[in-house]
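Colleague: I would like to know what lies behind some of the terms used for this model. Please take them one at a time.

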Amino acid sequence: MKGSLASRLLIILAVLILVAIWTIPTLGLLITSFRERDVMTTSGWWSVFADPAGAGWTTANYATVLNEQTGIAIAFINSLTVTIPAVVIPILVAAFAAYGFAWMRFSGRKVLFAIIIMLLVVPIQIALIPVLKGYLALDLNGTYLAMWLAHTGFGLALATYLLHNYISELPRDILESAFIDGASHFTTFTRLILPLSVPALASFAIFQFLWVWNDLLVAQTFLGTQKEVAVITSALLNLIGTRAEAWHLLTAGAFVSMVLPLAGRAPGSGEAEGRFIEG
Amino acid sequence: MVANSDAREPHRPAFVSLIVTSVARTAASVFVPLIAFAGLWQGFLFLRDTDAPRPIVAGIAIVWGVGGVALLYVVANWVVERFPRQWRDRVLPFVFVGPAVVILFAYLLIPTILTLVLSFQDGASKNFVGAENYIFAVTNPSMIEAIRNNVLWLAVGTGGSVSLGLLMAILADRVPFERLAKVLIFLPMAISFVGAGVIWRFVYAYRPAGEEQIGLINAILGALGIAPQGLLQLQFWNNFLLIAILIWAQTGFAMVILSAALKGVPAELLEAARIDGASEVKVFQKVVIPSIRGSIITVSTTIAILTLKIYDIVTTMTNGNFGTEVIATLQFKQSFTFFDYGKGAALAIILLVAVMPVIWYNLRRFRGQEGFR
Amino acid sequence: MRRIVMAIATAAIVVAACTGAATPQPTGGPTVGPGESPTPVPTEASLVGTKVEVFGAFRGDEGIRFEESFKAFEDATGVDVLYSGSDQFETLVNTRAEAGNPPDIAAFPQPGGMRRLAAEGFLIPLPQDIIDAIDANYGPGWMETGTGDDGNVYGVFHRVNIKSLVFYPKKAFEAAGYTAPTTWDELTALAAEIKAAGSSPWCVTMESGGATGWVATDWVEDIMLRTAGPETYDKWVTHQIPFNDPSVKEAIETLGSIWLDQTQVYGGTTNILATFFGEAGTPMFDNPPKCWLLKQGSFITGFFPDAVKADLDNEVGSFAFPSVDPQFGTPALGGGDQFVMFSDRPEVRAFLAYLTTGASGSTWAAAGGALFPHKDQDLGAYASALDRAAAEQLLAADSFRFDGSDLMPAAVGAGTFWKGMVDYVSGTKDLDTVLDEIEASWP
């Protein structure tokens, strides 16, 4: 790296400040989640540093959230079952489509692509009634397939758009040499393009994962509201009561539901970034 | 093999070929997903009704679903590759884009068209009322406020997220704790919206003067000797406090994509520019920015569309009170609180039209690219 | 007459069965449909193993309490009742109804939702025997609120709340020698006394996320009932008088004389607008209290600090929001979820019939945090004196009216009325502008 020691220190300082601003609100919630309900609303979370003994520490919020009665364990499994395919399927479908739009010639290419970008702005709520009607006609309601296809449908526009922009910017000569060697589109795509696109696939996977993981409306519409099929967001929102009487449980709940996304994020990002550095 | 061979005309009369390829295209993009769907469907009906332990059902379902979809592409490709060459060339693209197009049409385009119809009907979707809903939408006193705020969200939210994301992508590269810094900036993306709402309550909370502040900003103001403020009630400026939440959540997204793009800028290019004596700023302007231009546009488009749709932050924090209304909150109130589907639909269509410039800009780039046959 | 007798008999049997009394043949409930001739009483066997799906807006602890409350019904009839709640209730119930997949029973917190789905033909009118049971066992107002625009009765109320309550910190209140007022003048005098002692009389906060505004509209409605009377109130919510009528303006100005006066309300208007409604009571239990009077619904006790909730009857007192104009007495304003039928099956009817009985609320009353409108309820079942007093007030009120903003079209009641009150309290708009805008928005 270029630059004097002073400018390097300045950069480190700038990064530290930004990271602090980004992290402090979450840190505040983390501390709050270990405090009693009554002190949450009467003293700032930072007061625990001045007076750690009188901070009203408790693990009761976590205990309540993780209590068997809340069904959080079932909700975890439900959320995983919904989320994994609801991430993998749209990526697969979108990657094929992205390759098709980027590197294949066919009539209607521009129009179809324009429609896909336009669909980015469509709020999914307008689709709930028509899709539910379709599911009822097919007796598909209440199945995981219904959920995956719905999340695929709602996430596909963004996936296709993001992956297309990435795949279309891969160097043309890589593909040319593959075709000269006699490779078909399918082998070029699976052997060459997919591995090269891992960073883009991983980025989209993260977004789709978080969106599906945190979704409530789609799950409650197509899977139902019963406890056995509740996803983690439903389980948490049920916990806090009709008028949010127990809103303080959300402090702990937010971190409980975050554990998995974070665990998935760290290795995923390392791999993606690693590949980039190599490439 | 490379696509430049439009001269390779089929030998058959054009219309026969056209019909055959059309049928095959339709088959590839419609029947193949349908057959796969039928298979998957039967499997899931079985899974739904079975009494096996839930984790096992879940495991089988995941393998069945993901494997089934992957298999679908392999089979479709295998079939199409056995077609005569000129058919294959025409049909194969639809094996690739067909399923995506069919799914998007079913889940989003058809509902959008239905919404367009609804927007010309009354609240209960019974009678056609012409442009009445659109007239209501544009003459509604809240609409001007909503449009102004959406412009703020679009400019400040997109600009803030993308520039801070770019800044972090550049700076994080030069510090010893790059991974940790990036993870922490990205962290807000992993927080559910429900959690984020609570987090920001503890930032913006207000307590009357004389009481201990529990909101971070008012505590800081207090330390500086400034009286506590009802932050979310400060007309006009409160919009920026809401936009800050979006920037907080989306900077990580911009950073990840832009950081990946930055690492892809060829080192030789940078070296060459530096040897030519260009300053770091010039290198950035003339080499780095053009190389990551595509990624900047991608990120900006995604976040811009997000800001146009922005809804949940506003609803949870202020419900559009105190001058913070946006188009999507108006739309959601009409459709899902007042159950006036007509007015809600008209507002949804207005949002769709508002995004046209973004689409147009993206398509301009799209046209420059040439495909292979 | 015969039907009424039968209905009451059926209800009595269910009650007996549920309260554990020995009955030879507990039956599931109603036997007569609208306009039908009496059919044979369904035997227990005919309902065993059947399922009823109930969907509502209340969840969490309230959902669990509700499930406990129909356990007796399930045991007596063999019907499996599946309740689930969601905070997306309104959206989901509409989506499911429109798509053709409604639950068997839905519990609407707002009559407007019921009336809209009834008008679209999704709901089934209650059978006559259940209507008779409502007639016999509920005070005035509940049947009317459960009636659709076509004149048919659709809704059965079960757990309800009363909003015309003022809570105070009992220990400090008594130590200071204050007494609960029964008239508006006494209330004003009490407020002046508290002010003179150097404190704020009122605790008011109204922030409620996507529902911000209801605290203010509840106040306006309660004042309207007391200044303009129930009849004018009815005309107001049904738009027979315009929203900018002088009577409405007077009610809101009365609210303004308290809310907008920085010396009357702790923290002033900024605190009213910025703070979560559930935290209004927190400063009331400081020592000494920072404010003394909290007018809220009976459900607010659930939000009090844990230390207070642990000893509710000794820490908290309440009195009825006092009368203003003696000719209208002390009316009560309340709300509640009404249960409606989407499908007409014997077990669905049986469940709704069960909800009309006072016994159906006893376990929930014992658990606390709920009131019931049934005349035959056992007031001794309430765990806390506070709840019992509220239930007594509900039954004894000079007149009862349902939450008016829930009765108005949602575009007003959950739209411009809420927003207009926020604008008025924040001082963004003057009252006349607010009233004219709400009037113009009435669909």
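Modeller: The model is predicted. Across the interface of domain 1 and domain 2 of chain B, the rule finds 0 residue pairs in polar contact, counting pairs with both residues at pLDDT 80 or more.

Colleague: What makes a pair count as a polar contact?

Modeller: A pair of N or O atoms has to lie within 3.5 Å, one able to donate a hydrogen and the other to accept it. Between domain 1 and domain 2 of chain B, 0 residue pairs meet that rule. The count of salt bridges between these two domains is also 0.

Colleague: Which kinds of residue does domain 1 of chain B place on the side that touches domain 2 of chain B?

Modeller: That side divides into 2 nonpolar, 2 polar and no charged residues. A salt bridge needs a Lys or Arg nitrogen and an Asp or Glu oxygen.

Colleague: How do you know that the two domains of chain B touch?

Modeller: Contact means heavy atoms within 4.5 Å, and 4 residues of domain 1 are in contact with 8 residues of domain 2 in chain B. The area buried between them is about 390 Å², with 81% from carbon and sulfur atoms. Of the part that domain 1 buries, B:Thr115, B:Leu116 and B:Leu118 supply 84%.

Colleague: In chain A, why is the contact of α10(A) with α11(A) called nonpolar?

Modeller: These helices pack at an angle of about 65 degrees, with axes 5 Å apart. A:Leu194, A:Pro195 and A:Leu196 of α10(A) meet A:Val198, A:Pro199 and A:Leu201 of α11(A). Leu, Pro and Val count as nonpolar, so the contact divides into 6 nonpolar, no polar and no charged residues.

How values were computed. Residues are numbered from 1 along each chain as its sequence is written. Chains are lettered from A and ligands numbered from 1 in the order in which they are written. This is a predicted model: local features need pLDDT of at least 70, side-chain atom pairs count only at pLDDT 80 or more; totals for chains, interfaces and linings use all residues. Side-chain values use heavy atoms; hydrogens and water are left out. Buried area is the accessible area (1.4 Å probe) that two parts lose on being put together, summed over both. A salt bridge is a side-chain nitrogen of Lys or Arg within 4 Å of a carboxyl oxygen of Asp or Glu. A polar contact is a pair of N or O atoms within 3.5 Å; within protein, one must be able to donate a hydrogen and the other to accept it, and residues adjacent in sequence count only if both atoms are side-chain atoms. Axes are lines fitted to C-alpha atoms, for helices over the stretch in contact, and angles run from 0 to 180 degrees between N-to-C directions. Helices (H or I, at least four residues) and strands (E, at least two) are DSSP runs, numbered from the N terminus.
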